[in-house]
Each structure stands twice: as C-alpha cells, then as structure tokens.
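Dear colleague,

I am handing over the structure below, together with some notes on what turned up when I went through it. Please look at the structure first and then read on.

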Amino acid sequence: MNYEELVFDRAIEGANKIILLGSALKTGLFSALTEKKGYSFIDTGTGS
Amino acid sequence: MTRELGADERALYIVLEALYAMGYVEKKKDEYIIADRARPLFINGGKDYVGGYIPHTLNKLNAWLELPQIIKGEKIGRRKPDNISAFMNAMASTPEEDIQEIVSHCLDKKKDAKTVLDLGGGPGKYSKVFVNRGLKAVLLDTPETIDYVSSEFELADIRHLTLKKGDFTEDEFVNEFEELFDIVFMGNITHIYSEDVNRNLLMRVSRLLNKGGMVAIEDFVRGRSPYAEMFAVNMLANTEAGGTWTEEQYRKWLKYAGFSNIEVLDLADKDKQLITAFMEK
C-alpha cells in the first residue's frame, strides 16, 4: 500500500476543513476580506 | 458584506468565526480581514496558491458522495464540470516545473519537432511551454472551454498558438485539420475514457501525425503510479467508463493504431508517467 495509514478523526477533520475553505473560496469570501476597509462584525442579534 | 456576497448573515458569521479559529482570518479592532498566512494560499496565485484547485475538489467531492449508488450499479454519464472556471483553474494549477519537465522529455524524444497538437489542452499551460521552446502549437478543446480560456487565460493572442474548437471523440474531428503534426500531446486525457474510446482515439491521432511523428501521453499508469488506483475511483465517480490503465493496455492500443518504439517513463515525482510512441518514418 502506498498511502500512509489513515487516522480517521484527523482525516474527517481535514475533510471538514477542506469543504469549509472550498466553500469560502467559491463564494468569494477571501477576496472580499482583502478589501482595505475590512468588514465589521455582524450583529447576529444574540448579543455576541 | 452579506449584500456584496449575496450571503446569509448567520452563515457568514459562523463561517468567519470558524476561519478565525483556524487562523485564516484575523480580527482587527472590530473588523474581519484575511490573515497574512492565508493570502498566498487563497489570494495571490503564487507557488503556494491552492485556490486554483480547492473549488474543483469540492465539485469532485459531490460526485464521490454518490459512490454508494454507483457501487450498486447506478450508471452515470460523463459529468460536465458544473463550473468551467473551477475546472480550468484546477487544470492550470499543475506546477510549472512539472510541465517544463514533460515538455523537455517530449522534445528530447522528438528533437526535430516543429509542430504540436495539444489535445484537450484546456488552460494552455503545455501549449505555451511548447511555443516558448520554438514550436507552433494548436490547442484543441471543446467550444465552451476555448471560449473561456481564450479570454481568462489570455491565450487568444499568443504568437504561434492557434486555438481550435472540436470534439476529439468524434471521427470527423480528424477531417477538420489541413495540416499534420510532429507531436500530438495528450495530457490527462486517457483516464477519462474507456479502452474502446482510447483505442479509437489513438487511431485518429495516428492519422494526424507526420511520418515519424510522436504521440505523447501523460497519465497515471496502473502498476507504476502509486496514485493510479485511487485516481480511478475519481473516474468511477465522474465518468461513464474512464479509469486508469496499465502499461500493457497502452502498448496494445498503440500497436493497434500503428505506433512503434513505445516507451514509458516515470516522471520525476513518479505520480504520473509519460508514454511516447512513434509512427513509421
């Protein structure tokens, strides 16, 4: 076998991260965050 | 920001906070900005840039999630990339040094080459290197791909590079050429198709070559590439009959199409192989 042994919890976490990053890229999130002004925190209505 | 991206506010908040937790986004005063470590990965397009192929990876994962149905026998047609931009950017993310190596091997094998046909050449990375090495190149791809790459990858006005729209899986495509070529280059093509389609494609390629002309095939060869078996799963999920093929299968197709002097070379990182074969002089 040519692949390193799969560490399942790490692999699952890695898959989640790739999907999150891919989604951010596909929706233009990173590009939007390069604007000089940045973006203010969002009022979620939760008081956070 | 929700307006600019057409995004849902709750989703944006949760995602931004997760990206902050991962260290890809920073908070300064009361603003989110991209972290410095994230710029070369997702913005800059340099050697560390992964933004070219991650969106395409996401598209591929959609197909992999259908594997349970596929294993049970559900048939799929070839999936057309739902986003040509993601697909072409992924194709264009092949490291420049890998492309230089492959073109060098081609030109070592066919030193007198003056013309090359780049079949399914997409973003034109190989064609451009061939042109820079002094060859005249024709890049053939689907009409929608040519329309996209001619502007987005600025291929339209490159001297000695001709863009041609066509479908090389159809017999008629051979008749659309008035010239013959010294090299036909097929990078990452054969894994998309079945044995029958590949055999017929190589027959057509043989008709497009000058005497002594060379076909060069870059792909994962089963038994030689450590990634061939896993890549075949990708083709199972994304194509009707694609896969990865053994050296013996390539040799059989090439001989059937009239090629000889067949060689298989492991590329430097051994992920893939380059297969070369010649028409008689």
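**The second largest pocket**

At least two residues of the lining of the second largest pocket come from α1 (8-26) of chain A, and at least two come from α2 (9-22) of chain B. Please keep in mind throughout that this is a predicted model. The space in this pocket amounts to about 150 Å³. From chain A the lining takes A:Leu20, A:Ser23, A:Ala24, A:Thr27 and A:Leu29, while from chain B it takes B:Leu5, B:Ala7, B:Asp8, B:Ala11, B:Leu12 and B:Val15. Sorted by character, the lining residues are eight nonpolar, two polar and one charged.

**Aromatic rings**

Searching the whole structure over all chains gives eleven aromatic pairs. One of them joins A:Phe30 and B:Phe42, which are stacked, with 4.4 Å from centre to centre and 15 degrees between the planes. This pair crosses between chains, since A:Phe30 belongs to helix α2 (residues 29-32) of chain A and B:Phe42 to helix α3 (residues 39-42) of chain B. Both A:Phe30 and B:Phe42 are buried, and ring pairs link them with B:Tyr24 into a cluster.

How are the rings of B:Tyr250 and B:Trp253 arranged? Their centres are 5.0 Å apart and their planes stand at 65 degrees, which is over the 60 degrees required, so the pair counts as edge-to-face. Both residues lie in helix α12 (residues 247-256) of chain B, where B:Tyr250 and B:Trp253 are three residues apart, about one turn of the helix. In general, an α-helix has 3.6 residues a turn, so residues three or four places apart point the same way. B:Tyr250 has a relative accessible area of 1% and B:Trp253 one of 0%, and because buried means under 20%, both residues are buried.

**Charges over rings**

Two further contacts in chain B bring a charged side chain over an aromatic ring. The charged end of B:Lys164 sits over the ring of B:Phe177, at 5.0 Å from the ring centre, whereas B:Arg199 lies over the face of B:Tyr256, 5.7 Å from the centre of that ring.

**Helix α11 of chain B**

Lastly, helix α11 (residues 228-238) of chain B has as its buried residues B:Ala228, B:Phe231, B:Ala232, B:Asn234, B:Met235, B:Ala237 and B:Asn238. Among the elements that cover these buried residues are α4 (54-64), α5 (67-71) and β8 (221-222), which belong to chain B.

With best wishes

Technical notes. Residues are numbered from 1 along each chain as its sequence is written. Chains are lettered from A and ligands numbered from 1 in the order in which they are written. This is a predicted model: local features need pLDDT of at least 70, side-chain atom pairs count only at pLDDT 80 or more; totals for chains, interfaces and linings use all residues. Side-chain values use heavy atoms; hydrogens and water are left out. Rings of Phe, Tyr and Trp (its six-membered ring) pair if their centres lie within 6.5 Å; planes under 30 degrees apart count as stacked, over 60 as edge-to-face and the rest as tilted. Helices (H or I, at least four residues) and strands (E, at least two) are DSSP runs, numbered from the N terminus. Buried means under 20% relative accessible area, exposed over 50%, partly exposed in between (1.4 Å probe, protein chains only). A charge sits over a ring if NZ of Lys or CZ of Arg is within 6 Å of the ring centre and within 35 degrees of the ring normal. Contact means heavy atoms within 4.5 Å. On a 1 Å grid over the protein atoms alone, a cavity is a set of points where a 1.4 Å probe fits but cannot get out, and a pocket is an open set with protein on both sides within 12 Å along at least five of seven lines; lining residues have an atom within 4 Å of a point. Grid points are joined across faces, edges and corners, and a volume is the space filled by probe spheres set on the points. Ala, Val, Leu, Ile, Met, Phe, Trp, Tyr, Cys and Pro count as nonpolar, Asp, Glu, Lys and Arg as charged, and the others, Gly among them, as polar.
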